[in-house]
Amino acid sequence: MTSGSDVRRAPGGESSPRRERPVLAGLAVLGGAGVAGGVLVAALALPAVGGVGVFTRDLAHDVFEVPAVLWEAPLPQRSRLLDKDGRQFARFYVQNRESVGLTAIAPMMLKAIVAMEDARFYEHGGLDIRGTLRAIISNTRAGGIVQGGSSLTQQLVKNVLVQNARSEAEREQARAPSIRRKLQELRYAVSLERKYTKDQILVRYLNIAYFGGGAFGVQAAAQRFFGTSAAALTLDQAATLAGAVRTPYFTDPTLGPEQRQRLRERRDLVLDRMAQLKMIPQATAVATKARPLMLNLRPEPGGCSESDHSFFCLYVQKEVLLNPAFGRTVAERERRLFRDGITIRTTLDPTAQKAADKAIAAYVHAKDDQVAAEAMVEPGTGRVRALAASKKYGANPGERKDGPRTTYNLPADMAHGGGQGFQAGSTFKVFTLATALAKGWRFDQGFDTPGSFVPSSGYKDCAGHKVNAPGTVVHNAGGEGKGGPYSLATGTWQSVNIFYMMLERDVGLCDVVRTARSLGMVRADGRPLREVPTFTLGVNEMDPLTVAAGFAAFGARGRYCRPAAILEIVDARGVRTKLKPDCRQAVEKDVADAVNHILSGVFTRGTMKGQGIGRDAAGKTGTNNGYTSAWFAGYTPDLAAAVSLGDIRGAYKYPLTGVEIGGQSYGGVQGATLPGPIWVRSMELALQDRPATSFHSPDFGRFGGGTTPGMKPEDLADPRLGPDGRERPGDEEYAEEYAGRPGERGLRRHWHRPAHWYDRTWPYLWILPYDRPARHRHRHTWTHPADRRRF
């Protein structure tokens with residue numbers, strides 16, 4: 001806390017030299033003041049002796065046995081959350097307070113509080129003898145506290161004792177209406193007067209006092225009541241706050257008209273007192289009293305429900321409380337966040353956040369039972385740029401479960417306030433794709449797939465256990481491919497379930513699971529991934545942020561980074577702690593480039609055809625069997641995002657069929673129906689002012705070519721390449737090159753075969769497309785036993 005100046009001020013504002021007024025010297029004027037005064041003098045000046053009596057002895061014990069130095073715990077301060085550009089979007093605190101120094105408080109506020117609470121503040125030494133004696137006489141006669149006589153220093157002591165209390169019982173004791181507590185305050189007050197200047201005491205009081213409306217300290221009160229700062233308070237505003245501090249609950253203007261009327265009456269008392277003490281002219285007091293309360297109440301700041309970026313706010317809050325990097329224990333992390341007044345600069349990008357919010361709102365309404373959620377992540381750093389959802393964060397009226405609000409952090413996992421998530425669907429095929437490419441598969445290599453598939457053999461989990469499912473029949477999801485020949489490229493573009501079940505079996509279920517884990521895949525509920533044959537079809541429930549971070553790794557050429565929402569933390573002393581990205585090379589760069597090449601085709605030849613964003617982009621739709629949820633996850637080299645959609649009441653109980661979402665009716669929602677367009681619109685808006693970055697071209701010598709039985713020429717990933725991945729020359733040149741190559745025994749050349757003819761005795765074939773002039777339209781079919789592959 002800033003302690004203020006060492007220069008003392010008189011009530012009128014002029015500086016005056018510091019005057020020490022020892023309490024015992026002041027007590028000399030008490031002669032003849034009566035029994036109560038004698039008790040006070042004895043309690044303060046005499047040791048406890050038997051002749052004084054039990055009452056006096058107890059009081060003397062309280063005064064002289066209490067430690068002379070008052071321990072002052074640091075006042076709880078507000079912690080602030082800033083976006084990446086330094087703009088505040090949320091606060092955390094246990095008490096809404098922002099301590100300020102003397103120069104940050106309007107002089108009129110200093111005058112008003114002194115006039116109302118302790119007019120002789122600059123004259124006494126911590127004890128207002130006349131006021132305290134008058135109160136003690138009245139209280140002794142009444143048998144309890146009926147009149148206050150505390151100086152500002154004593155009031156500061158009481159507030160410090162309440163603040164220091166570690167339990168409700170200690171807080172009640174610090175507030176107890178007893179003469180014993182009063183005398184304890186006196187001894188502490190004398191100690192503080194010796195330790196601090198008058199201005200320092202006054203500033204400490206104004207920073208610790210409660211003004212009502214959840215505002216602790218004059219700065220928070222000025223913001224809460226008037227939307228201004230303590231430095232800019234006018235006479236009217238200063239008098240209002242000075243009137244509120246004595247009875248903050250009785251005059252809390254946020255509670256209703258009765259409290260506001262009481263607050264006005266208290267304001268007028270302050271103005272009268274200031275005029276009486278010649279701090280302001282009487283005419284000014286009269287004119288100011290004639291005006292109504294000039295309140296400009298602002299919402300109580302802080303709490304994620306009050307933030308414009310609630311889901312991001314909640315994620316940061318949970319991250320600080322969960323991560324040992326921010327403190328060894330939960331209690332230490334809570335204290336740091338809610339009491340220490342730290343400033344947290346986050347990774348939030350206002351442009352990306354606005355883009356995600358706007359895109360979701362265009363397709364899904366807050367009142368819909370179906371909820372859309374989106375997370376945006378920066379490839380190569382893991383920095384979370386946006387977290388958005390179709391519902392607002394917070395409780396619904398009457399604590400209803402259905403409504404425009406939710407208490408779940410929908411874009412995040414359960415540990416960060418989210419729910420159980422939705423099955424990720426076909427977005428998980430990307431991990432099987434990456435595994436296959438790493439194991440030597442080529443773009444045009446594939447299977448002739450059946451119309452249905454039973455995973456009855458060939459599947460083992462990472463513990464070596466067989467996890468076959470002979471009772472399960474897998475079909476291709478509606479709108480995502482049908483039986484027939486599919487290559488690695490076309491099977492991905494059309495999102496063919498059966499192709500990917502066969503591919504997963506071929507490359508190994510455990511290897512696919514390991515790839516997913518290396519890219520950060522963890523179930524939203526925190527439990528281990530389900531290692532079952534349908535793993536590649538996305539049977540695990542996920543959250544958008546986890547999926548977005550995994551896809552971002554491909555945009556960063558295989559470099560996976562743990563999602564990071566915090567850039568640096570600045571403590572109350574200004575010490576900065578920067579947080580570095582937590583990254584690793586999870587996938588080989590060449591493999592990532594090959595994944596990018598295939599997933600780019602989703603926009604040009606696959607399930608998202610015609611829905612590009614005008615720059616290099618790659619992605620994958622996800623539609624679950626039964627339409628229980630729908631997804632789209634995609635990325636550019638600069639930004640990745642994942643969008644999920646499902647019914648908040650329960651995905652299995654309420655599938656996405658025959659639904660109305662965002663005012664539109666849908667027979668069935670697929671990944672390309674709503675999540676895809678949301679992704680496209682949000683990415684266009686988020687990247688509109690950023691130059692486009694291209695993906696690296698894949699190594700066609702390693703990944704190009706390949707064969708699939710029955711594959712049509714127009715379905716090839718790149719018709720310019722031969723089955724060996726080399727760029728194909730013209731027909732005749734190609735024939736001559738292969739026919740005359742030394743050592744290529746067994747090579748056979750077939751001229752002018754009918755279009756329907758295939759040499760099925762060979763494991764694969766290469767068919768040149770009809771892209772030449774009519775006079776040269778003939779097919780060349782090349783096969784070679786050295787390139788045999790098992791299917």
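**Exercise 1. Classify the ring pair formed by Phe428 and Phe431, and state whether each residue is buried or exposed.**

Solution. Begin with accessibility: Phe428 has a relative accessible area of 1% and is therefore buried, and Phe431, with a relative accessible area of 0%, is buried as well. These values, like those in the exercises that follow, are computed from a predicted model. Next take the geometry, in which the ring centres of Phe428 and Phe431 lie 5.0 Å apart and the planes meet at 90°. Planes over 60 degrees apart count as edge-to-face, so the pair of Phe428 and Phe431 is edge-to-face.

**Exercise 2. Determine how many aromatic pairs the structure contains, and classify the pair of Tyr210 and Phe216.**

Solution. The count comes to 20 aromatic pairs. For Tyr210 and Phe216, the distance between ring centres is 4.6 Å and the angle between the planes is 40°, so this pair is tilted. Both residues, Tyr210 and Phe216, are buried. As a last step, consider rings that are linked through pairs into a cluster, which is the case for Trp441, Phe447, Phe499 and Tyr500.

**Exercise 3. Identify which residues have the most contacts inside the largest nonpolar core, and list the contacts of Val595.**

Solution. The largest nonpolar core comprises 130 residues, and those with the most contacts inside it are Val595 and Trp679. Once its neighbours within four places in sequence are set aside, Val595 is in contact with Val430, Leu433, Ala434, Leu437, Phe554 and Tyr635. There is also a second, separate core, which has 56 residues and includes Ala106, Leu110, Leu233 and Ala239.

**Exercise 4. For the salt bridge between Asp369 and Arg649, give the distance between the closest N and O atoms, and explain why the pair ties together parts that are far apart in sequence.**

Solution. The closest N and O atoms of Asp369 and Arg649 are 3.3 Å apart. Asp369 lies in the loop between helix 16 (350-363) and strand 8 (370-377), whereas Arg649 lies in the loop between strand 22 (640-647) and strand 23 (657-661), so the salt bridge ties together parts that are 280 residues apart in sequence. As to accessibility, Asp369 counts as partly exposed at 24%, and Arg649 also counts as partly exposed, at 42%.

**Exercise 5. Describe the salt bridge between Arg523 and Glu541, and state whether its partners are buried or exposed.**

Solution. Arg523 and Glu541 form a salt bridge whose closest N and O atoms are 2.9 Å apart. Arg523 is in the loop between helix 20 (509-518) and strand 15 (541-542), while Glu541 is in strand 15 itself, so that the pair links distant parts of the chain, 18 residues apart. Both Arg523 and Glu541 are buried.

**Exercise 6. Trace the salt-bridge network that contains Asp83 and Arg87, and compare the accessibility of these two residues.**

Solution. A search of the whole structure finds 32 salt bridges, one of which joins the side chains of Arg87 and Asp83 at 3.3 Å, N to O. Asp83 is buried, with 5% relative accessibility, whereas Arg87 is partly exposed, with a relative accessible area of 46%. Through salt bridges that share partners, Asp83, Lys84, Asp85 and Arg87 are joined into one network.

**Exercise 7. Find the rings over which the charged ends of Lys198 and Arg204 sit.**

Solution. The charged end of Lys198 sits over the ring of Phe121, at 4.5 Å from its centre. For Arg204, the ring is that of Tyr196, with the charged end 4.0 Å from the ring centre.

Note on methods
Residues numbered from 1 in each chain as written. Predicted model: local features only at pLDDT ≥ 70, side-chain atom pairs only at ≥ 80, totals over all residues. Heavy atoms only, no water. Core = buried A, V, L, I, M, F, W, Y, C linked by side-chain atoms within 4.5 Å. Buried < 20%, exposed > 50% of the residue type's maximum accessible area, 1.4 Å probe, protein only. Contact = heavy atoms within 4.5 Å. Salt bridge = Lys/Arg side-chain N within 4 Å of Asp/Glu carboxyl O. Helix = DSSP H or I, 4+ residues; strand = E, 2+ residues; numbered from the N terminus. Phe/Tyr/Trp six-rings, centres within 6.5 Å; stacked < 30°, edge-to-face > 60°. Lys NZ or Arg CZ within 6 Å of the ring centre and 35° of its normal.
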